[in-house]
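Me: Could you take a close look at the enclosed spaces in this model and at the surroundings of its ligand? I would like one connected account that I can follow with the structure open beside me.

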Amino acid sequence: MALVLIGFMGAGKSTLAAELARRRGRSAIDSDVVLVERLGHSIAREFELHGERAFRAAEEELVCDVLAQASGEDVVALGGGSVQSDRVRDALLAGGAHTTLLVEVDPQAAWERVAAGGEGCERPLARERGAFDALYEQRRERYEQVADATLLWASSDSGSYPVIVGRGLLARDRLAAVWPFQRSRSRAFCVSDRNVGPLYAERLGGVAELVEIDPGERHKTLASAEAVWGALAAAGMTRADHLVALGGGVVGDLAGFCAATYQRGVPVVHVPTTLVAQVDSAYGGKTGVDLPAAKNYVGAYHQPAAVLVDPDALASLPEPERAAGYAEVLKTALIAGGELWERVAADAPVDERTILACARTKLAVVAEDERDVGRRQVLNLGHTVGHAIETVTGYERYRHGEAVSLGLLAALRLSGQQQLREQVSGLLGAHGLPVALDADVEVEQLIAATRRDKKRTGEQVPFVLLDAPGRVRTGCPVAEPQLRAAVSELQG
Ligand SMILES: NC(=O)c1ccc[n+]([C@@H]2O[C@H](COP(=O)([O-])OP(=O)(O)OC[C@H]3O[C@@H](n4cnc5c(N)ncnc54)[C@H](O)[C@@H]3O)[C@@H](O)[C@H]2O)c1
């Protein structure tokens, strides 16, 4: 199976195909470039000489040839309009011949890129904005019909990587098609837990070693990390190989940390299998383990080599774990505002679209601030109190997402957003999440735990507060009496 990139003009298909191909040790095949070679002049010139119809006929012929010949490790970028052809669509859909990735772009960004093309790069269908937007709408559905998955490109100061989201991606041949390494050159070593390994590890196809930890937050520890390092060393993993984190946020954080530190760093591919991990923890490169004193106290930034997301893996997730993930969806929607918040506020199903929107939000935040010194702090909404709840209850009573839902309610109270707090409380409750803190959790202990939060600078623990969905403030000082009131309110 080859990888075929489709999407609207200006989406960046050619650049991304070249980058994906480079990582596979080859050159990309760009249908527009091959067509220009075949025609002997530019596409704009072909439009002038023979019109769009003749161009489309030539394009259809060429793309069908390219798709018939492409195989194995090939990465192909198709011209934006080529999927309008029935023959091209049939070739893409035919019996799983290739894996088709949709490179998304919004019309504004596409216009800016295409309009900036300059002389020699002018596109005949990008001369007038109204017609350009209409074409975008017309083609959008076509792309979605033929795409097996969506490709987002994550960028940060320390590197960039593909994020591929698609139902059925964990099918063996699909996964092989999108795998970011040549297995003959770099062996895959997998870290999973004892729940997830038996369900999905076999889908990875021939890993050199599978290391399974006991499931749960209690095992996100240095002791588990040491066990993983030991197992990798015993199995002979080298820096030419790569690690796979197959599981939820616990496995992702732990395996990411092991990848950051084993032989001073090996690449890691995340294959997230919980909602928490698919909407949040797999992206952005924060890795680490807990100490008894506080959560995530030891760790490193280590960006993934790729994140491969199959929403169908959530089918086996127990309901309380899915609910815990919903807390991170709600948090992300509050940070994003706009369309994502509207979807979540309307209690739309948490599906592939929601997962993609959450991933996009997080990637945009991390792209601005990888190391959490500015914008990234918005992602901590609800987490100061949430982490304190997890710590004082010994990481056993509440799942991370459950603690975050209580933390969100406290943050909304501290933000003076009572009405929004009620709305959020209604949504959390409807998804089976706690909206009241157990009466036996000591408020004073909890407040003391927030002081150990690793975001503390000097005397103050900065809080993340919200003026409205999409309008988040970071670094907000909160006086202790206010915090006490917000936490006490959680206990009714
Ligand atoms: N690094 C980050 O940016 C970041 C962001 C958010 C959360 N986190 C971390 O994520 C962790 C929580 O992650 P989580 O909620 O995914 O918990 P988890 O990894 O403990 O998974 C929850 C449970 O579900 C099981 N499971 C996982 N996938 C399954 C599947 N498909 N089918 C059946 N069972 C499955 C696991 O074995 C486990 O028992 C916390 O440690 C938190 O700190 C990290």
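Reply: By class, the lining of the second largest cavity comprises seven nonpolar and two charged residues, with no polar residue. In this predicted model, the residues that form that lining are L3, L20, R23, R24, P162, I164, V178, W179 and P180. Two elements, α1 (13-23) and β6 (159-165), each contribute at least two residues to the lining of the second largest cavity, and the volume of this cavity is about 70 Å³.

The second largest cavity belongs to a set, for the structure holds seven cavities of 30 Å³ or more. The largest cavity contains about 90 Å³ of space, and its lining is made up of 13 residues, with A294, K295, H387, R452 and D453 lying nearest its centre. By class, that lining divides into five nonpolar, four polar and four charged residues. Both α15 (383-392) and α18 (443-451) supply at least two residues of the lining of the largest cavity, and the largest share, four residues, comes from α15. As for how such spaces are found, rolling a probe the size of a water molecule over the atoms shows where empty space is left.

K295, one of the residues nearest the centre of the largest cavity, also appears in the surroundings of the ligand, where 28 residues are found and the closest are D193, E217, G249, T274 and K295. By class, the shell around the ligand has nine nonpolar, nine polar and 10 charged residues. Several polar distances can be followed from the ligand outwards. In the side chain of E217, an N or O atom is 2.5 Å from an oxygen atom of the ligand, while for G249 it is a backbone N or O atom that lies 2.7 Å from an oxygen atom of the ligand. The side chain of N195 likewise has an N or O atom that is 2.9 Å from an oxygen atom of the ligand. The ligand taken alone exposes 870 Å², of which the protein buries 91%. The elements that give two or more residues to the shell around the ligand are α8 (196-200), α10 (249-261), α11 (275-281) and α12 (319-336).

Helix α8, which is one of these elements, is where L199 is found. Is L199 buried, exposed or partly exposed? Its relative accessibility is 46%, so L199 counts as partly exposed, since that class lies between the cut-offs of 20% and 50%. Along the chain, L199 and S316 are 117 residues apart, and their C-alpha atoms are separated by 8.6 Å.

K220 can be read in a similar way, beginning with its place in the loop between β8 (209-213) and α9 (222-234). With a relative accessible area of 2%, K220 is buried, because buried means under 20% relative accessible area. The side chain of K220 makes a polar contact with the side chain of D253, at 2.9 Å, and another with the side chain of N296, at 2.6 Å. For K220, then, the picture is of a buried residue in a loop, whose side chain has polar contacts with the side chains of D253 and N296.

Note on methods
Residues numbered from 1 in each chain as written. Predicted model: local features only at pLDDT ≥ 70, side-chain atom pairs only at ≥ 80, totals over all residues. Heavy atoms only, no water. 1 Å grid on protein atoms, 1.4 Å probe; cavity = no way out; pocket = protein on both sides within 12 Å on 5 of 7 lines; lining within 4 Å. Points joined across faces, edges and corners; volume = space filled by probe spheres on them. Nonpolar A, V, L, I, M, F, W, Y, C, P; charged D, E, K, R; others polar. Near = heavy atom within 4 Å. Polar contact = N/O pair within 3.5 Å; in protein donor to acceptor, adjacent residues only side chain to side chain. Areas by Shrake-Rupley, 256 points an atom, 1.4 Å probe, with all protein chains shown as cover. Buried < 20%, exposed > 50% of the residue type's maximum accessible area, 1.4 Å probe, protein only.
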